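Subject: Structure handover

Hello,

Here is the structure I said I would pass on. Please open it alongside this message.

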Amino acid sequence: MTSRGRFSLSQRLLVGLFIVTFFYWGVIAWLTVRDSVDDVYELFDVHLAQTALALLRVSDPDESDPVAIPSSSEKPDMLEIFTKLSRLPNHISKAGEAALAANGSIHSMHSDYEKNLRYQVWSGSGRLLLRSANAPEKVMTELDGYSETTDADGRRWRHYGVWDQHHDFRILVSEAHDLRNRLVRNITLHLVSPLALGLPVLIFLLWLSIKRGLDPLDVLTREIRMRKSDNLLLLDAASAPREVRPMVQALNDLLHRMSNSLEGERRFTANAAHELRTPLAAIQAQLYAARNAEGKAERMGAMAQLQRGVKRAIRLVGQLLVLARLDPEQALPDSQPVNLGQVAEDACAELAPLALQRDQTLELVVAPDLPLLQGNADMLSMLLCNLVDNAIRYTPSGGHIGIEVHLDKSGVRMSVCDDGPGIPAAQREQVFDRFYRLANQDQPGTGLGLAICQRIAELHNARIVLTEGLSGRGVTASIVLGCRENMK
Amino acid sequence: MQLLIVEDDALLGAGLRAALSKLGFEVTWVRSGKAALDVLTVDEFVAMILDIGLPDMDGLEVLQKLRTSGNTMPVLMLTARDTTRDKVVCFDYGADDFLVKTTDMEELVARLRALIRRSGKGGGSFSVGDLKLDPQAHTVTKNGVPINVSKREFDVLRALMEGAGRVLTRSQLEQSLYGWSRNVDSNAIEVHIHNLRLKIGAKTLKTVRGVGYTISRTEL
């Protein structure tokens, strides 16, 4: 993964394209050089044979080549001819040396070639009739046709041997191998050097076209980089290239969610500020009233109000802390096997005195032999306490509150019902929004309790559902907690 | 009764001192862990209210030093942290009770009194409404008239009166009677409650169905 991230897209493209191109050119060059080598060898061999045949024709005018030298009836004295001929190379070489000395340059191609080509003419009886200046006196090869040997200096020579028609003369022509190798090298160099020189140009051109190809990405990057942190407007997905469109759409999706959550945070902060300041302002006002009260009764009244304000602030701070702790991105912490019956019993025991104060009947029914559930006992207890507390506070005195925990098809069902005023069906979803409160409430509340409950339920992969309450009145809040692990 | 308060916050410390002094406690208020340990070597207190977050050392450290020195006085921890884990840690260090900082004064006083009573240092009888219970003499009176109760019934009534205003579940009552380990006949508590209701009046001892039993403080 790290090596993937280390290189830019254009670097990766460039390297890839370069490797492919280089490989392709390499193969082509190799094939071309191979063919050229074959051609060069063939050419040199032909040349070797032609030289030998030319010599043969000179030595034997009877040879069936009527064009080259017209046939004559008189057979010349070959020995004389060869003796004359043998002087010729000396002349030529002397002239060449003089020319070299005159201009002082390096070996001319001519002398170079001369050095690398040699010949011998043997008589049928095995006497050396003629040889070039650089040819040895010993026979160069016994073989006819093409053959190769290595001489004492380690040079490789390629020979061509041929007899005249009457088997009177044997012509041997031989050529140094390095000559053709040098030519092959030259050809290869000429083929490869433009490629080598062209490489930087090729890379530059490749890089240029990749850069142009990736331009839309740069435009996109610039657009995102120049944004202010609060600009969560969506990017233009339609004008993006097809390949990056899914990414732009994913980004847009993220931006959309962020903007929603940011909007939620803004609303929450605004609400929290209002809700936090209100009880504190009330406390301050009641404090002022208490200080300036005339008579004990008035002071006690103000004090009671003061305490209510403080309790409200305490409750709100507590719930804000809980809500902050139930971070939406966090998973359920401290998940353990929980006995819901026990949780319900403890929650009811805690809140029953409040119900007794209000002359309400509170009843808990726990089915026997409930399976244990995976969950966070503290949170589930808070969930149930909030629901029961709501039921007690919004049900008039003398009312009934029933809490049930029993086994359902899909898990353990926990429900809290009352016969209070109830919640209109249209608002049964909204009441779970943070800070949402039903109109005309005289009960103090923060509007956070149910939001906390629902959040806890979500952390347990469940949902709280509100339905009608006892005997067609009030409200029933129920939640089904799945027992994925039956740990009973 | 001498009471030690260890709390660094000036407003809360002064408030606690004022409130508890009114209730007849002789309050010593210190604002650091070191000062608390110093005072504890000199004076003897019936109980201590200890804040967890102190400027010089952790309240739990003070508690640990107190317990290792062999002092068994009742300690009520006061803290802003409120998860079960925090509570368990407090009890592990040897705290007797645990209150979150925003708990109201009435509950704090009730818990403090219960702690002192259990430690035996407060001594004497206690009463809820017209009921009076004397742990030493093992007697119960209603409006001054003695009521004859069995030992088990006395224990149940004592637990309920100590927790007056709270609802005690059946398992809590079983624990206070028999401890954790014993497996009690499931009807035992109900029989005791039934008998007690006959003796002290059904209105005084209330049943919360499916939950438990309570003696309310307010209505007596």
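What follows is a short account of the contact between the chains, then of each chain in turn.

Please keep in mind that this is a predicted model.

**Where the chains meet**

The contact between the two chains involves 15 residues of chain A and 16 residues of chain B. On the chain A side, α8 (296-325), α9 (340-357) and β7 (361-366) each supply at least two of the residues that touch chain B. The largest share comes from α9(A), with 7 residues. By type, the chain A side divides into 10 nonpolar, 2 polar and 3 charged residues.

**Chain A**

Two of the elements in that contact, α9(A) and β7(A), also turn up together at a sheet in chain A. This sheet is open and has 5 strands in the order β7-β9-β10-β12-β11, with mixed pairing. At its edges are β7(A) and β11(A) (464-468), each of which pairs on one side only. Neighbouring strands are turned by 15° against each other on average, direction ignored. Within the sheet, β9 (residues 400-407) and β10 (residues 412-418) of chain A run antiparallel and are joined by 7 bridges; in one of these pairs, A:L407 has A:V412 of β10(A) as its bridge partner. Helix α9(A) packs on the sheet and touches β7, β9 and β10 of chain A, and its direction makes about 175° with that of β7(A).

The third element in the contact, α8(A), has 30 residues and reaches 43 Å from its first C-alpha to its last, close to the 44 Å expected at 1.5 Å a residue. Its residues A:G309, A:A313, A:L316 and A:Q319 are buried. The cover over the buried residues of α8(A) includes α7 (245-291) and α11 (449-459) of chain A.

Helix α10(A) (residues 377-394) has 18 residues, and its span of 26 Å from first C-alpha to last is close to the 26 Å expected at 1.5 Å a residue. Among the buried residues of α10(A) are A:M379, A:L383, A:L387, A:N390 and A:I392.

**Chain B**

Near the start of chain B is strand β1 (residues 2-6). Of its 5 residues 4 are buried, so β1(B) is largely enclosed by the rest of the structure. It pairs with two strands that I looked at. With β2(B) (residues 26-30) the pairing is parallel over 5 bridges, and B:L4 stands opposite B:T28 there. The chain gets from β1(B) to β2(B) through helix α1(B) (residues 10-22), in a β-α-β crossover that is right-handed. With β3(B) (residues 47-51), β1(B) also runs parallel, joined by 4 bridges; here B:V6 stands opposite B:L50.

Further along, 4 strands of chain B form an open sheet in the order β6-β7-β8-β9, with antiparallel pairing. Since β6(B) (126-128) and β9(B) (145-147) stand at the edges with a single partner strand each, one side of each is left without a neighbour in the sheet. The twist averages 30° from one strand to the next. Strands β7(B) (residues 131-134) and β8(B) (residues 139-142) are joined by 4 bridges, and B:L133 has B:V140 as its bridge partner in β8(B). Helix α6(B) (residues 151-162) lies across β6, β7 and β8 of chain B, at about 115° to β7(B).

Regards

Key:
Residues numbered from 1 in each chain as written. Chains lettered and ligands numbered in written order. Predicted model: local features only at pLDDT ≥ 70, side-chain atom pairs only at ≥ 80, totals over all residues. Pairing = 2+ DSSP bridges. Axes fitted to C-alpha atoms, helices over the stretch in contact; angles between N-to-C directions. Contact = placed C-beta atoms within 7 Å. Nonpolar A, V, L, I, M, F, W, Y, C, P; charged D, E, K, R; others polar. Buried ≥ 20, exposed ≤ 12 C-beta atoms within 10 Å, placed from the backbone. Right-handed = clockwise from strand over helix to strand, strands pointing away. Expected span 1.5 Å × (residues − 1).
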